[in-house]
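Reader: I'm new to this and would like to go through a protein model step by step. Could you take my questions one at a time?

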Amino acid sequence: MISAFSILFAASLLSLLLHRTKFLQPFALTALIAGLVLSGTSVGLNGFETSAAMTLFTVVMLIVLIAFVLHEKNDTTITQALFLATASVALLQSRTMLAFIVSFEAVSLISIVLVSDIRTKAQAEGAVKMFIAGAIATGMLLLGAAFYLMGGGVLDAPVTSNGNLFSLAGIYVMLFAVFYKLTIVPMHGWAADTYALVRHSHAALLTGVAKTIVALAAFRLFAPSLAQTVEMSVPLLAILAVVTMTLGNFMALYQKKLARMLAYSSIAHAGYMLLAYVAVKSGYASTGLLYMAIAYIFMQTAVFLVLDTLRNKYGMQTLEDVKGLAKGNGVLAFFFTVQLFSLAGIPLLAGFLGKAVVFYAVVDAGLWYVALIALLNSALSVGYYAWIVKHLYFDEAEASVIFKAEEKFTVMSQLILFGGTLYFGIFAFVVFAVGKSF
């Protein structure tokens, strides 16, 4: 059966033969477009099943990866992006614990291989931290699965709580393993260093693509169990969400390096995503998470690709470096500013509606005080996003930098991501139409 999964998997393997040729990039783009056309098809194996919400996100993810491949020059990274797309399609469609574990590990392995392109000591440090975090997450996931099976759980079926101690322990241990990938505090220790130290285009895939895929797939698998145990899950997850948002935003506030600032911002956004798990009783929780994931994958991928251009082309890494960027390179400054505003939650951009729907779900679940803390956190984050924009537009450059016109593929890549951020900031009905069909 021809499906998005089979097309992308075959393309991933064939791309290995096209390294160091001019055909790799157009081949990868063709494969991703073919996957886009077939995005509504199932993997075709037991344990995998698509839905309207997962199909919509698969479409969004493949559009983002098309933008990524247009930006990327490295052959190995393009091939890894194809493998990541393949594993992500499988993870999004996983309906049983076995399918989830296999797909989750595939995404984890590809992520580790991705950051293994080490050229400096700093990149080595980032890769090692991610490898250790990945190993711990894998161990916890398998330990949780063992507990779950001892409690009467079944591998080849959706996860449900049997009410006994082993079953509950298994579900929560597996969930905490997932939280390592989502960078939920206190499982976040590796994230800021890794995101800031590895190549920024790799960080774009890790923070933009891999994190949203895992958040959606885990919600699809674990939400029914969390709804069965709200007395335990709601207080626990609410505390984790509040701590994650607050710590991420306060740490971002004090950073001088752009990558570290946006890495801590990514941790704060993981807290916002976790709010959907907290509001699992609300009928808007799944729609809120889907909206947040769609907004996040566009804006987070875009900002890290901008950082990739700034570092590789102009050697810019800090707030001081980007002073006056708007006067020298207005195009890049514009795309950067729009995505920063979206991350801050400015209306008419996807980030605003993503947060608004999640916050509404929390209020709908009767947790208005958690929503209030989230709102205050969102207001706090505006400070450091606006601080970056101030450096771009209102400060004079301290060093003389010769700016060049951006390559057409770089502009096309950012235009695609800008279009997604703007479209989903205006046309909310697209997400609401499928949000409950997880």
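**Helices, core and loops**

Author: Sure, starting with one helix: α16 (residues 368-393) is 26 residues long, and its first and last C-alpha atoms are 37 Å apart, close to the 38 Å expected at 1.5 Å a residue. Helices here (H or I, at least four residues) are DSSP runs numbered from the N terminus, and strands (E, at least two) are too. The expected span is 1.5 Å times one less than the number of residues. This is a predicted model, where local features need pLDDT of at least 70 and side-chain atom pairs count only at pLDDT 80 or more, while totals for chains, interfaces and linings use all residues. Residues are numbered from 1 along each chain as its sequence is written, and side-chain values use heavy atoms, with hydrogens and water left out.

Reader: Which helices do the buried residues of α16 pack against?

Author: Buried means under 20% relative accessible area, exposed over 50%, and partly exposed in between (1.4 Å probe, protein chains only). The buried residues of α16 include Val-370, Tyr-384, Tyr-385 and Leu-392. With contact meaning heavy atoms within 4.5 Å, the buried residues of α16 pack against α10 (230-253), α11, α13 (325-328), α14 (330-344) and α15 (350-364).

Reader: How many of the residues of α11 are buried?

Author: Helix α11 covers residues 258-278, and its 21 residues should span 30 Å at 1.5 Å a residue. Its end C-alpha atoms are indeed 30 Å apart, which agrees. The helix is mostly covered, and the buried count is 20 of its 21 residues.

Reader: What is the radius of gyration of the whole protein?

Author: The fold comes to 18 helices and zero strands. The globule rule gives 22 Å for 438 residues, and the protein comes close to that, so it is as compact as a globular protein of that length. That rule is 2.2 Å times the number of residues to the power 0.38, with the radius taken over C-alpha atoms. The radius of gyration is 20 Å.

Reader: What share of the residues of the protein count as buried?

Author: Along its principal axes, the C-alpha trace spans about 65 × 50 × 45 Å. Among contacts with a separation of 6 or more, 81% are between residues 24 or more positions apart. Of the 438 residues, the buried share is 62%.

Reader: Is Ser-88 buried or exposed?

Author: Ser-88 is found in helix α4 (residues 75-93). Leaving out residues up to four places away in sequence, Ser-88 touches Met-61, Val-107, Val-209 and Ile-213. Its relative accessibility is 0%, so Ser-88 counts as buried.

Reader: And Asn-46, is that buried or exposed?

Author: Asn-46 is in the loop between α2 (24-37) and α3 (52-71). Its C-alpha atom is separated by 33 Å from that of Gln-25, 21 residues apart along the chain. With a relative accessible area of 72%, Asn-46 is exposed.

Reader: Which peptide bond is cis, with omega near 10 degrees?

Author: Look at the loop between α7 (165-182) and α8 (191-197), where Pro-186 lies. The cis bond leads into that proline, from Val-185 to Pro-186.

Reader: What is the phi of Leu-348?

Author: Leu-348 lies in the loop between α14 and α15. At 57% relative accessibility, Leu-348 counts as exposed. Its phi is positive though the residue is not a glycine, with a value near 75 degrees.
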